Amino acid sequence: MTETRPVITRFAPSPTGFLHIGGARTALFNWLFARHHGGTFLLRIEDTDRERSTQAAIDAILEGMAWLGLDADAPPIFQFARRDRHAEVAHQLLATGKAYRCYCTQQELEAMRETARAEGKPPIYNGMWRDRDPSEAPGGVPPVVRIKVPQSGDTLVNDQVLGTVSFSNTQLDDFILLRSDGTPTYMLSVVVDDFDMDVSHVIRGDDHFTNTARQLQIYHAMGWPEPVFAHLPMILGPDGAKLSKRHGALGVDAYRDMGYLPDAMRNYLLRLGWAHGDDEIISTEQAVAWFDLTGVGKSAARFDFAKLENLNGVYMREKAPQDLLPELLKTIARLNGKEVDAAGRARLETALPGLKERATNLVDLAKNAAFLFAQRPLVIEEAAAKLLTPEARQRLKGLAAALQSLQIWTIETIEACIRDFAGANGMKLGQAAQPLRAALTGSTTSPGIFDVLLALGQPESVARIQDQNL
RNA sequence: GCGCCCUUCGUCUAUCGGUUAGGACGCUAGGUUUUCAACCUGGAAAGAGGGGUUCGACUCCCCUAGGGCGUACCA
């Protein structure tokens, strides 16, 4: 197994649902590995299950990958379109005696499993048609094609994550290559496609580990070189149980809608099962430079929303306001059911630097920005209302007048005005700022008060303050 | 049932036979502060259990327990 072949990885989802978090991580690791080695990253849609494959799922997968920035180096390959080639391989195996036709009925197979289980043996196909003469075939029963797996010895799976694992061939059965309708099964298709696509590294979920021992039989039978295998541990729900719809088994689009940034998502997913010393905040560039299979852990990881939330906050703060704005506008529009108008947009642009420091996701940010678009008179939250005591309203009256008299409306002039007012009236800044905040935002929390005034503009600010003295 | 894999703070993890077992999230005490965040300082918090091997085990081996995956004419 010498690795002078060019690195080619692939992500091979079956389009039976959205791109979930585990699939996204598998795609990310394949992408990173290819990018790290200057190799090729391919996408293959495994749509051989015609019953369950849908166009909607294909779209969701494509959109999810685009959102995460995982670009493939070639158009997606649709597995079903290659069914003739898969069948061709099965017939080749048939011709060389490495596969055979099996005429078992469903009932016979079930009975077989029953007895095996009762005897404490693996409930697998017992090879009853393996050496039977085709002339014994019952009429009218379309056969499946099964591969001949060695009946003794071991199959070694050499895995970059799990190490070398030995499977007794007696545990492996003569699995089906071609269904009775002549279509190829997944087992056959993956192997043929990976071989034809020159995939050098098969990086996939841990749930395929046992399958690898089976798939290896096809490689052996065809005399094809094995790719390097790396099986990634699963991602579990926060409670340690398998991901279900209740917790993390959401499509990546759901994370986007919850206001998470793709950069944060990538960073989070990367750290789930992979580590590079003590590094936590890892840019995509660094990830590409550092990624390797030896950093992949062996144990399943639980999905932790709190950490994702924290990471997302880090990325929100790091991001330039102008880069955050388009996504934020979309989020607000989605939340409000209408686009942000020009005036609102101007306020938002001014307030964004202060706003983005205080939110951990876009939805939160949108909510914190809502006061910018609120109609007068503002609805005052209970806690904020408590700040608007009669004395506070008195002060606000003076403040409104002072602010109204400002000739120039900049962060500096605003700050000077308020500090002067507070100083002249023997108040601490907080005594002026808190009632002001309540009047301007209807809330007790907001960006810095000077920033709020600046974003709202002079007329609106003064009007909102005066609203409290009616 | 059978086979395979996994097991360090609550969570994600570092450690590759010798460390006061480190970091991050979360939690918590305090500081800073115009609110909230952010930020700074400190704290609590872990090697599943039992046997070996070794001068010495989180690290290597075995057993047990727990969890996961597979065992389809699904992928």
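**Close-up 1. The surface near RNA strand B mixes nonpolar, polar and charged residues.** The residues of this surface divide into 23 nonpolar, 21 polar and 17 charged. The model shown here, as in every view, is predicted. In total, 61 residues surround RNA strand B. The closest are Ser-14, Glu-46, Tyr-186, Ser-299 and Asn-310. Several helices supply at least two residues each: α4 (106-118), α6 (209-222), α10 (305-318), α17 (429-441) and α18 (449-456). Strands β7 (163-168) and β12 (301-302) each supply at least two as well.

**Close-up 2. Strands β6 and β7 form an antiparallel hairpin.** Strand β6 covers residues 154-159. Six bridges join β6 to β7. Three residues make the connection between the two strands. Asp-154 stands opposite Ser-168 of β7. Strand β7 also belongs to the view above, where β7 supplies at least two residues of the surface near RNA strand B.

**Close-up 3. Tyr-315 is a buried residue of helix α10.** Helix α10 holds Tyr-315 and supplies at least two residues of the surface near RNA strand B. Tyr-315 counts as buried because 22 other C-beta atoms lie within 10 Å, and the cut-off is 20 or more. Leaving aside neighbours within four places in sequence, Tyr-315 is in contact with Leu-261, Asp-263 and Ala-264. Thr-183 sits 132 residues from Tyr-315 along the chain. The C-alpha atoms of this pair are separated by 47 Å.

**Close-up 4. The largest nonpolar core holds 111 residues.** Six members touch the most other members: Ala-24, Leu-28, Ala-90, Leu-177, Ala-264 and Met-265. One of these six, Ala-264, is also a contact of Tyr-315. Helix α1 (residues 21-36) gives the core its largest share, nine residues. Not counting residues up to four places away in sequence, Ala-24 touches Leu-19, Gly-64, Leu-68, Val-252 and Leu-269. As background, nonpolar side chains in soluble globular proteins tend to be buried together.

**Close-up 5. Strands β1, β2 and β3 make an open parallel sheet.** The three strands follow the order β1-β2-β3. The edges are β1 (8-11) and β3 (77-78), and each pairs on one side only. Four bridges hold the parallel pairing of β1 with β2 (residues 40-45). Phe-11 has Leu-43 as its bridge partner in β2. Helix α1 packs on this sheet and touches β1 and β2. The direction of α1 makes about 165 degrees with that of β1. Helix α1 is also the helix with the largest share of the nonpolar core.

**Close-up 6. Strands β4, β5 and β8 make an open antiparallel sheet.** The order is β4-β5-β8. At the edges, β4 (99-102) and β8 (176-178) each pair on one side only. From one strand to the next, the twist averages 45 degrees. Strand β5 (residues 144-147) pairs with β4 over four bridges in the antiparallel sense. Ala-99 stands opposite Ile-147 of β5. Helix α3 (residues 83-95) packs on the sheet and touches β4, β5 and β8. The direction of α3 makes about 115 degrees with that of β8.

Conventions. Residues numbered from 1 in each chain as written. Chains lettered and ligands numbered in written order. Predicted model: local features only at pLDDT ≥ 70, side-chain atom pairs only at ≥ 80, totals over all residues. Core = buried A, V, L, I, M, F, W, Y, C linked by C-beta atoms within 7 Å. Buried ≥ 20, exposed ≤ 12 C-beta atoms within 10 Å, placed from the backbone. Contact = placed C-beta atoms within 7 Å. Pairing = 2+ DSSP bridges. Axes fitted to C-alpha atoms, helices over the stretch in contact; angles between N-to-C directions. Near = placed C-beta within 6 Å. Nonpolar A, V, L, I, M, F, W, Y, C, P; charged D, E, K, R; others polar.
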